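Let's take a walk through this one together, from charged pairs to helix packing to the surface. Have the sequence and the 3D view open as you read.

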Amino acid sequence: MSDTSATPAVGLPPAAADTRFFGHPRGLRLLFEAEMWERFSFYGMRALIVPFLVNVQGWQMPAAANVYGTYNMAVYLTPLVGGYLADRWIGTRRSLLIGGAIISAGHFVLALPSMRAFYVGLSLVVIGTGFFKPNASTMVGQLYAKGDARRDAGFTLFYMGINLGAFLGPIACGWLAETAWLGWHYGFAAAGVGMALGLVAYVRRGDAFLGDIGKAPAARARAAAAARAVEPHEARRTAAHAAAGALAGGALAALLAGPSAVPLLAGGAVGAMFGVTVLGSRGEERRRVLALFIVVFFVIFFWAAYEQTGSSMNMFAFENTDMVFFGWKMPATWFQSFNPVVILIFAPLFASGWQWLARRRREPSTASKMVLGLFLLGVGFLFMIAGGARADGGVLVSPIWLALAYAFHTWGELCLSPVGLSYVSKLAPARFASLLMGAWFLANSAGQKIAGALAGFTPLPGAQRPAGGAGLAGYLQEVSATNAGFYSIFVVSSFAAAGLMLLFVPLLKRLASGADSPGGAQG
């Protein structure tokens with residue numbers, strides 16, 4: 001049975017090692033706050049992108065959804081690079097600071113009223129997120145000693161910080177964009193203010209709350225130099241593994257998606273990361289890395305459906321939902337805050353529930369939790385089919401259909417995302433910690449791009465739709481002629497992924513070698 005002691009991670013001073021933050025290290029509070037403000041900025045802006053392009057700039061939905069999907073794909077792809085740089089040179093502490101500053105600058109650029117500024121601002125947010133995103137989650141894992149049973153609950157509390165920001169962001173930014181006299185670009189600027197506030201708190205209390213957490217790369221660099229003196233070819237082997245993986249990944253991407261820049265870049269980055277981590281590990285470490293990649297594959301299906309939230313479901317709120325309450329019209333972007341509200345209510349219940357099951361040695365494995373998450377996601381889209389069928393009749397539907405869908409999606413997310421972050425921190429070898437956290441976000445990246453492509457089939461009134469034809473595109477065109485048909489796509493994909501992943505659960509348990517347990521040791 002795992003050790004359930006609350007022993008702090010090595011390097012934490014007494015001020016950071018106490019357990020006054022709901023029984024967890026105070027460093028979790030600081031990372032909670034930093035991530036909260038970063039997510040305030042991200043979700044505040046995310047609520048605006050598609051409505052801004054469609055309703056203000058006059059874009060058609062397929063083009064707007066493509067920009068939205070490509071942007072979100074890049075946001076979750078750059079953590080691969082940011083994680084690698086943090087592991088090797090920058091350090092997680094410094095990487096967060098750099099990333100937050102670039103993100104904040106990007107949001108302020110978005111406040112400028114031109115499409116050129118729009119693209120530059122999005123690009124800056126993408127770059128900054130690459131430095132910020134993987135390293136915050138990595139440091140949460142580093143707060144806990146090996147065998148600390150609080151790890152999964154700690155990640156769930158951290159996830160509450162994410163969703164507190166995700167709740168506040170659309171409220172503030174959406175109000176400025178939709179109802180205030182200032183307008184849409186000031187909504188984008190408000191997101192930058194949120195990120196700047198997070199940076200101030202992070203800089204002021206970093207040393208007191210985190211101690212030496214995030215400063216390890218300097219020590220690792222010295223250890224790596226000593227290792228190179230013993231094995232001079234190690235660095236060259238790593239480079240060769242990365243190059244071989246990049247070539248294979250790029251070739252596969254070109255075969256599947258054609259020789260365009262985005263697939264080649266994504267395939268090369270994924271291949272390089274796969275080559276470094278799989279070819280650079282052996283024995284039990286390699287088995288754990290393979291388990292992570294299998295889980296990452298299935299998570300793509302989750303995010304491809306879940307991330308309809310900011311695109312097709314966002315536009316469903318604008319176009320098909322009655323948003324008038326007692327004579328007051330609620331901004332449609334505020335519906336983007338419903339998901340985080342549900343998380344804030346239910347995350348403590350899920351965290352205590354997993355701990356209750358763990359004490360009775362009945363807690364399901366991470367893979368089993370993820371199967372449940374995919375199933376709940378599919379159930380949520382059943383409500384979208386019901387609401388969509390009514391909207392297809394030409395009436396504005398009750399917001400209850402979106403609310404029920406978001407609720408089930410959120411419960412599915414709580415079964416998948418926070419425990420998945422914990423899973424990576426438990427299984428990843430220490431020298432690949434941030435890089436493999438980037439791999440976790442890679443699943444989100446791929447899912448975001450697929451989500452954007454699928455959202456282009458949203459049946460908006462009077463919108464131009466993607467051309468049909470043979471094969472998958474023609475089938476999707478035919479199925480998505482109605483709202484009910486469109487949302488049935490995600491019911492099928494979610495239930496199918498849940499069923500297939502269920503078959504992989506025994507294999508994943510064997511590959512994890514006992515690490516996938518409450519407080520399982522980090523590699």
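Which side chain does R288 meet in a salt bridge? The partner is E284, with N and O 2.5 Å apart. Keep in mind as you look that this is a predicted model. Both residues sit in helix α12 (residues 283-306), and because they are four residues apart there, about one helical turn separates them. Their surroundings aren't alike, though: R288 counts as buried at 10% relative accessibility, while E284, at 36%, counts as partly exposed.

Side chains of opposite charge can pair when their charged atoms come close. A search of the whole structure turns up seven salt bridges, so let's look at a couple of others.

Head over to helix α2, where E33 and R29 are four residues apart, again about one helical turn. These two form a salt bridge, and their closest N and O atoms are 3.3 Å from each other. E33 counts as buried, with 17% relative accessibility, and R29 as partly exposed, with 31%. The pair doesn't stand by itself: R29, E33 and R205 are joined into one network by salt bridges that share partners.

Stay on α2 and find E35. Its side chain meets that of K133 in a salt bridge, with 2.6 Å from N to O. Here the partners come from two helices, K133 from α6 (residues 115-142) and E35 from α2, so this bridge ties together parts that are 98 residues apart in sequence. Both K133 and E35 are buried.

Helix α2 has another contact to show you. Spanning residues 26-56, α2 meets helix α7 (residues 151-178), and their axes come within 6 Å and cross at roughly 35°. The crossing of α2 past α7 is right-handed. What kinds of residues make up this contact? They divide into 19 nonpolar, six polar and two charged.

Now move to the surface. L372, F375, L382 and F495 make a nonpolar patch there, about 330 Å² in area. Which helix gives the most to the patch? That's α15 (residues 366-391), with three residues. L372 is found in that helix, α15. Why can L372 be part of a surface patch? Patch residues need over 30% relative accessible area, and L372, partly exposed at 38%, therefore clears that cut-off.

Definitions and conventions. Residues are numbered from 1 along each chain as its sequence is written. This is a predicted model: local features need pLDDT of at least 70, side-chain atom pairs count only at pLDDT 80 or more; totals for chains, interfaces and linings use all residues. Side-chain values use heavy atoms; hydrogens and water are left out. Axes are lines fitted to C-alpha atoms, for helices over the stretch in contact, and angles run from 0 to 180 degrees between N-to-C directions. A crossing is left-handed if the near helix is turned anticlockwise from the far one by less than a right angle, and right-handed if clockwise. Ala, Val, Leu, Ile, Met, Phe, Trp, Tyr, Cys and Pro count as nonpolar, Asp, Glu, Lys and Arg as charged, and the others, Gly among them, as polar. Patches are made of residues with over 30% relative accessible area and no salt bridge: like charges are joined within 9 Å, nonpolar side chains (Val, Leu, Ile, Met, Phe, Trp, Tyr) within 5 Å. Accessible areas come from the Shrake-Rupley method with a 1.4 Å probe; for residues, only the protein chains shown count as cover. A salt bridge is a side-chain nitrogen of Lys or Arg within 4 Å of a carboxyl oxygen of Asp or Glu. Buried means under 20% relative accessible area, exposed over 50%, partly exposed in between (1.4 Å probe, protein chains only).
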